[in-house]
Amino acid sequence: MSFGVESLAREAVRRLKPYDPGHDIVALREQHAEHGLLELGGNESHWGASGDVEIALAATMTDLCRYPDPLGTRLKRALAAHYDHPSAGIVLGNGSHELLMQIGQAFLGPDAGLVVSRYAFAVYPIAAAAVGAPVTVAPALPADAEMALGHDPEAMLAAIGPDTRLVCLANPNNPTGTWWRAAQLEDFLARLPRHVVCVVDEAYAEYVTDPAWRSAIELLPRFPRLLVTRTFSKIHGLAALRVGVALAAPSLVGLIERLRESFNVNQMGLAAAEAALADRAHVDRVCQANAEQRDRLAAALRLRGLSVGPTQGNFLLVRFGPRCAEIDAGLLRQGVVVRPMRGYGLAEHLRITVGRPEDSERLLTALDAVLATVGPDTV
Ligand SMILES: Cc1ncc(COP(=O)(O)O)c(C=O)c1O
């Protein structure tokens with residue numbers, strides 16, 4: 001028997017691959033220091049955080065020798081009021097990514113599997129793999145459907161078996177941008193068998209402008225096995241501080257609490273999130289600005305003959321065709337970073353974060369230059 005460290009690790013860990021950020025962003029920033037790098041790969045907010053965050057952060061600088069509040073009491077109280085949901089049914093994470101991993105630890109294992117749709121957020125299968133759980137991937141809606149490549153509720157329900165314990169979906173979904181309307185989500189939840197917990201990941205909820213969409217938070221009182229996740233990384237503009245939230249029935253949240261590291265959210269994150277949540281006007285402004293730019297950018301890309309999927313998030317999934325990798329490389333040379341989709345099995349697509357008008361302008365100028373060199377017959 002070999003005693004190399006690799007062989008000593010659990011099999012589930014040996015099979016894992018480390019996170020692939022798509023690009024070496026630090027190297028690219030150094031390379032493009034003169035004109036600045038345009039970062040449209042991470043679905044971060046180009047409108048930044050509320051001005052109130054800075055003031056709240058300054059106040060946290062005095063007590064750096066103390067641990068943060070291990071219970072996140074103030075933030076949870078604010079979230080409870082904001083969502084009209086009991087504090088005991090809220091758990092905080094170092095980003096919602098951490099919470100998704102803990103949800104996997106709580107419910108999944110070699111005999112307790114995960115069901116996701118094709119083109120679901122990449123973290124869900126990672127959470128399953130980390131605990132050696134099988135993953136069943138339901139086929140997505142076809143590319144010519146109204147919600148191209150989006151989640152198919154019928155296929156997901158059909159993929160659920162006796163050993164399924166968890167179903168994860170994002171609404172709106174990353175990377176497709178597609179969404180389920182209220183009736184569809186409610187019908188799906190009502191038809192889930194009782195041995196299955198469902199995560200509805202609402203990382204992009206605040207960007208939604210379709211009035212037919214509803215937050216699953218409203219459905220929590222009716223569905224005891226439903227977990228809803230939110231994040232401060234997107235519309236609140238606090239990705240650097242890592243604050244995520246999960247809401248569910250207190251008994252379900254109690255299970256995740258047992259796995260939570262006691263000081264998982266630091267005091268800057270707690271204070272900044274509280275200030276960001278209180279500034280609803282900022283969220284409304286960014287939502288509106290994003291929706292305007294989302295429509296404009298999609299229209300401009302379609303004018304260039306590109307196919308752009310429907311989206312309610314702060315990003316577009318764009319099909320560039322067989323020379324997609326070349327186009328991506330060309331954009332990079334011009335200091336524009338977007339997200340390649342090879343890892344999702346969408347080698348002809350790039351995901352582009354919606355930025356401010358000047359960001360879209362720079363992107364389109366760079367893209368036109370690249371398309372001129374790559375040739376008109378590529379898309
Ligand atoms: C659908 C979805 N869920 C969760 C996350 C993770 O967000 P965070 O860990 O920053 O809260 C992301 C990040 O891109 C996402 O796209």
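Q: In which sense do strands β6 and β7 pair, parallel or antiparallel?
A: In this predicted model, strand β6 covers residues 197-201 and is joined to β7 over four bridges. One place to see the pairing is C198, which stands opposite L226 in β7. The sense in which β6 and β7 pair is parallel.

Q: Which residue of strand β8 stands opposite T231?
A: Turn now to the pairing of β7 with β8, where four bridges join the strands and they run antiparallel. Strand β8 spans residues 244-247. The residue that stands opposite T231 is G244.

Q: How many of the six residues of strand β7 are buried?
A: Buried here means under 20% relative accessible area. L226, V228 and R230 point one way from β7, while L227, T229 and T231 point the other way, and all are buried. Strand β7 is therefore largely enclosed by the rest of the structure, and its count of buried residues is six of six.

Q: How many residues surround the ligand?
A: The closest residues are S96, D201, Y204, T231 and S233. By class, the shell divides into four nonpolar, six polar and three charged residues. The number of residues that surround the ligand is 13.

Q: How much of the ligand's accessible area does the protein cover?
A: Some polar contacts come first: an N or O atom in the side chain of Y204 is 2.7 Å from an oxygen atom of the ligand. K234 has a polar side-chain atom 2.9 Å from a ligand oxygen, and for R242 the distance from a polar side-chain atom to an oxygen atom of the ligand is 2.7 Å. On its own the ligand has 390 Å² of accessible area, and the part covered by the protein is 91%.

Q: Is N171 buried or exposed?
A: N171 is found in the loop between β5 (164-170) and α9 (182-191). Its relative accessible area is 1%, and the cut-off for a buried residue is under 20%. So N171 is buried.

Q: Which residue's backbone nitrogen does the side chain of N171 reach?
A: Leaving aside residues up to four places away in sequence, N171 touches W179, W180, L185, V200, D201, E202 and W213. For one of these neighbours there is also a polar contact, at 2.7 Å from the side chain of N171 to a backbone nitrogen. The residue that supplies this backbone nitrogen is W180.

Note on methods. Residues numbered from 1 in each chain as written. Predicted model: local features only at pLDDT ≥ 70, side-chain atom pairs only at ≥ 80, totals over all residues. Heavy atoms only, no water. Buried < 20%, exposed > 50% of the residue type's maximum accessible area, 1.4 Å probe, protein only. Helix = DSSP H or I, 4+ residues; strand = E, 2+ residues; numbered from the N terminus. Pairing = 2+ DSSP bridges. Near = heavy atom within 4 Å. Polar contact = N/O pair within 3.5 Å; in protein donor to acceptor, adjacent residues only side chain to side chain. Areas by Shrake-Rupley, 256 points an atom, 1.4 Å probe, with all protein chains shown as cover. Nonpolar A, V, L, I, M, F, W, Y, C, P; charged D, E, K, R; others polar. Contact = heavy atoms within 4.5 Å.
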